[in-house]
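Q: I am new to this structure and would like a close look at a single part. Please take one helix, then show how the rest of the chain is arranged.

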Number of protein chains: 2
Amino acid sequence: MSARPLNVGLIGLGTVGSQVAERMLSWGPQLSRRAGVELRLKKVLVRDVGKRRPIEVPSDLLTADASELLEDSSIEVLIEVAGGDEPMRSYIERAIQVGKHVITANKVVMAKHGPELLDRAADRNVDIYFEAAVGGGIPLISTFRVDLQANRIERVSAVINGTTNYVLGRMASAGLTMADAVREAQEAGYAEADPTDDIGGFDATYKLAILASIAYEIKVRPREIYREGIDGIEPVDFRYARELGYAIKLVAHTQRHTGRVEARVHPAMVPLDHPLARVEGAENAVFVEGDLVGQVLLVGQGAGGRPTASAVVGDLIDLARSIRRGVQSRPSFSFDDRVGVIPIGEVTTRAYYRLRVADRAGVVAAIGQVFAEEGVSISSFIQKDAWSHDQTAELVVTTHPSLDASLQRARERMAALEPVHAVSSYLRVF
Amino acid sequence: MSARPLNVGLIGLGTVGSQVAERMLSWGPQLSRRAGVELRLKKVLVRDVGKRRPIEVPSDLLTADASELLEDSSIEVLIEVAGGDEPMRSYIERAIQVGKHVITANKVVMAKHGPELLDRAADRNVDIYFEAAVGGGIPLISTFRVDLQANRIERVSAVINGTTNYVLGRMASAGLTMADAVREAQEAGYAEADPTDDIGGFDATYKLAILASIAYEIKVRPREIYREGIDGIEPVDFRYARELGYAIKLVAHTQRHTGRVEARVHPAMVPLDHPLARVEGAENAVFVEGDLVGQVLLVGQGAGGRPTASAVVGDLIDLARSIRRGVQSRPSFSFDDRVGVIPIGEVTTRAYYRLRVADRAGVVAAIGQVFAEEGVSISSFIQKDAWSHDQTAELVVTTHPSLDASLQRARERMAALEPVHAVSSYLRVF
């Protein structure tokens with residue numbers, strides 16, 4: 001074992017940070033043996049030094065002054081688990097600039113600025129590890145970075161947001177409304193006080209941006225990814241889903257096409273026999289298809305302090321081994337700038353529509369006419385008994401694969417038909 | 001990119017070897033870019049140089065003389081995908097001795113001699129990579145070696161033999177006898193002409209020996225693992241399994257106890273809602289539980305030329321990157337010699353028994369007495385209608401968790417009861 005310890009600075013002592021600190025402090029000898037060098041937690045940046053914490057961290061390790069970590073040249077590794085864009089991006093940038101290696105669980109920073117930070121790190125001959133930024137403790141980045149390197153990645157499909165998965169699961173199993181399911185998730189600690197980031201699909205979009213960038217070695221920006229949240233889905237949609245043989249999941253999907261990639265996050269009807277349909281609660285699942293390996297499925301806890309700390313400390317051990325062996329940095333990522341993301345309209349999808357229509361002759365013909373004119377082939381058509389109180393009927397249509405633009409146009413055209421009161425739901429079928 | 005190419009010798013040009021050669025020859029520039037060094041296939045050892053092959057390999061690369069690979073000092077990496085114990089173990093040992101790195105898909109050699117070969121490689125400052133030896137293209141070794149290093153591994157449960165899984169699946173779905181299912185598997189290319197290695201559980205035992213050794217950093221020998229094959233399971237057992245809410249799978253399981261580990265391979269009743277119950281056909285699935293990460297499930301094609309080649313070439317790229325960066329070898333594995341395997345009798349399991357009994361008074365009491373005396377608590381008890389032609393009835397008992405020795409003794413004692421014609425089946429419940 002190397003004689004000189006490896007000094008580590010930690011930013012953040014919340015759910016993840018406290019677990020990282022705890023493992024480093026209580027399991028030091030094991031970690032150091034595996035790393036081949038003594039791992040020493042030298043400083044921890046927190047907002048409030050005096051705050052009471054569930055984990056005991058020696059008070060002389062705590063500071064509220066970032067420069068005590070960033071400008072301490074004896075600290076070789078910076079672990080950032082505080083989250084959010086700024087000031088974390090600046091901290092990471094500064095750390096790289098002064099020659100520190102970085103380990104981060106920050107999906108926002110990696111999704112928005114990952115390629116630039118990785119380029120900069122390569123210039124400075126340091127590393128950025130970010131296994132914890134996507135899928136908690138599930139080995140994803142390393143799988144793409146190492147195990148699947150002999151493959152051309154064809155597609156990645158994932159359920160990578162635990163909050164929406166919990167909410168959708170409760171709506172499906174207990175018939176809750178979205179509002180009630182979200183409230184329950186908040187009470188159970190699965191959703192933030194402001195759940196927009198999860199419910200709106202932003203969190204999944206950040207994660208998909210990272211996965212797609214690594215999978216295809218291209219720069220996929222969160223803003224380039226088509227995004228739809230789960231708001232708008234009603235309990236009745238779960239009944240139809242079941243009747244048609246589907247579960248409703250927030251799916252993140254990316255697929256290789258010639259010279260371009262498809263990348264989208266939206267709720268989708270997933271066939272019940274697909275592994276993604278079975279992902280439950282706060283679990284995450286990532287389905288990868290490579291041209292040699294075929295299909296690989298990786299499942300685990302995608303969030304939470306302990307699984308995320310597992311990934312962070314795993315990265316630390318891997319990094320420490322490299323440093324011990326005198327390796328300055330891993331081979332840098334190379335991102336091909338010429339490959340872009342296909343606009344959603346040009347992608348082939350399938351659709352599920354739920355409509356409220358006037359219960360009278362000619363409605364089905366009018367709707368059929370719209371699909372025919374858009375060149376969309378209908379896969380299933382369900383009309384339930386009319387509701388006598390307002391003379392309307394509920395109508396559900398699913399389609400065969402078509403250009404997404406045609407499916408969206410069909411939706412607009414149906415909504416404009418006089419006997420159609422509303423297109424109450426429009427979901428893609430996976 | 002490094003100016004000097006990395007010369008590779010390949011042993012074996014069968015199902016896996018031909019896919020490795022094909023990817024190296026047809027995808028050279030991509031692989032070399034990812035590896036950071038030109039990867040050059042210099043020599044391929046085959047049994048018969050003149051044999052016609054589905055993959056075109058330049059004939060000057062082929063040789064039937066092992067020394068042309070082993071004694072060529074320009075070859076830095078030896079890939080062995082021929083399989084079997086000898087002469088492969090000797091080849092690998094010789095390669096290490098003369099300072100070559102080794103990549104192998106050989107589960108027999110790694111299970112039987114892995115710890116010694118890894119020690120020897122560490123002494124010679126070279127590496128052995130063996131991701132392909134277990135679970136085809138599923139990232140397993142790397143997951144234990146890197147991603148889960150911050151964890152104490154609690155247990156690993158796996159369905160890692162595709163042949164038996166295919167056979168059991170066909171027995172369950174089509175009601176085939178084992179003999180017919182094996183014949184069908186042979187015709188479909190899923191089973192060898194002599195299927196003993198798979199059906200008898202040997203293959204799964206080799207793989208579990210490797211996984212357990214890596215997971216716990218101890219030397220687990222195949223012969224120390226309790227092993228039962230799937231022969232003896234009858235179609236009727238699948239009917240009872242379904243009735244009781246189980247699937248029948250060949251399960252490889254290892255679990256940490258204080259100072260010792262449990263390690264066993266046997267057919268088991270797996271609850272239908274457990275992920276291992278859903279593994280289909282030639283698929284493999286590995287369920288890992290770490291103290292920080294919780295449960296992680298990894299699923300993919302566990303065998304076959306392309307998935308296995310994916311792992312081999314992935315290892316090659318990882319190794320080439322290390323070599324390019326001037327790293328002589330990865331940190332060596334360290335195996336703790338003091339941790340042993342618990343004898344099966346001392347392990348806690350649950351049991352399923354199927355008995356043929358005389359259809360008369362007192363039988364249930366006699367059987368209940370055996371369990372009571374062994375201190376085993378009964379979980380379910382099914383007696384089906386008597387068979388009038390021979391005055392016997394079929395009786396199925398499942399138990400709560402008990403010492404395996406007690407469950408085995410209960411089996412023997414029941415078999416010895418006068419009214420019990422036979423204990424036709426004894427399976428553990430997972």
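A: In this predicted model, a good place to begin is the end of helix α4(A), which is followed by Gly99(A), a residue with a positive phi, near 85 degrees. The helix itself spans residues 88-97 of chain A. Its buried residues are Met88(A), Arg89(A), Tyr91(A), Ile92(A), Ala95(A) and Ile96(A). They lie on the same side of α4(A), because the arc they cover around the axis is only 165 degrees. An α-helix has 3.6 residues a turn, so residues three or four places apart point the same way.

Next, the domains. The domain assignment divides chain A into domain 1 (2-136 + 305-324), domain 2 (141-301) and domain 3 (348-429). The centres of domain 2 and domain 3 of chain A, taken over C-alpha atoms, are 26 Å apart. Between these two domains of chain A, 10 residues of domain 2 are in contact with nine residues of domain 3. On the domain 2 side, α11 (235-244) and β10 (260-271) of chain A are the elements that give two or more residues. The most come from β10(A), with four residues. By type, that side of domain 2 of chain A has seven nonpolar residues, one polar and two charged.

Last, the two chains. Chain A superposes on chain B by a rotation of 180 degrees with 0.0 Å of shift along the axis, at an RMSD of 0.0 Å. This is the relation of a two-fold axis. Both copies use the same surface, as 100% of the contact residues of chain A recur in chain B. Within chain A, the residue that comes closest to the rotation axis is Leu298(A), with its C-alpha at 2.4 Å.

Notes:
Residues numbered from 1 in each chain as written. Chains lettered and ligands numbered in written order. Predicted model: local features only at pLDDT ≥ 70, side-chain atom pairs only at ≥ 80, totals over all residues. Buried ≥ 20, exposed ≤ 12 C-beta atoms within 10 Å, placed from the backbone. Arc of directions from axis to C-beta. Least-squares fit on C-alpha atoms with pLDDT ≥ 70 in both. Contact = placed C-beta atoms within 7 Å. Domains from an automatic or database assignment. Nonpolar A, V, L, I, M, F, W, Y, C, P; charged D, E, K, R; others polar.
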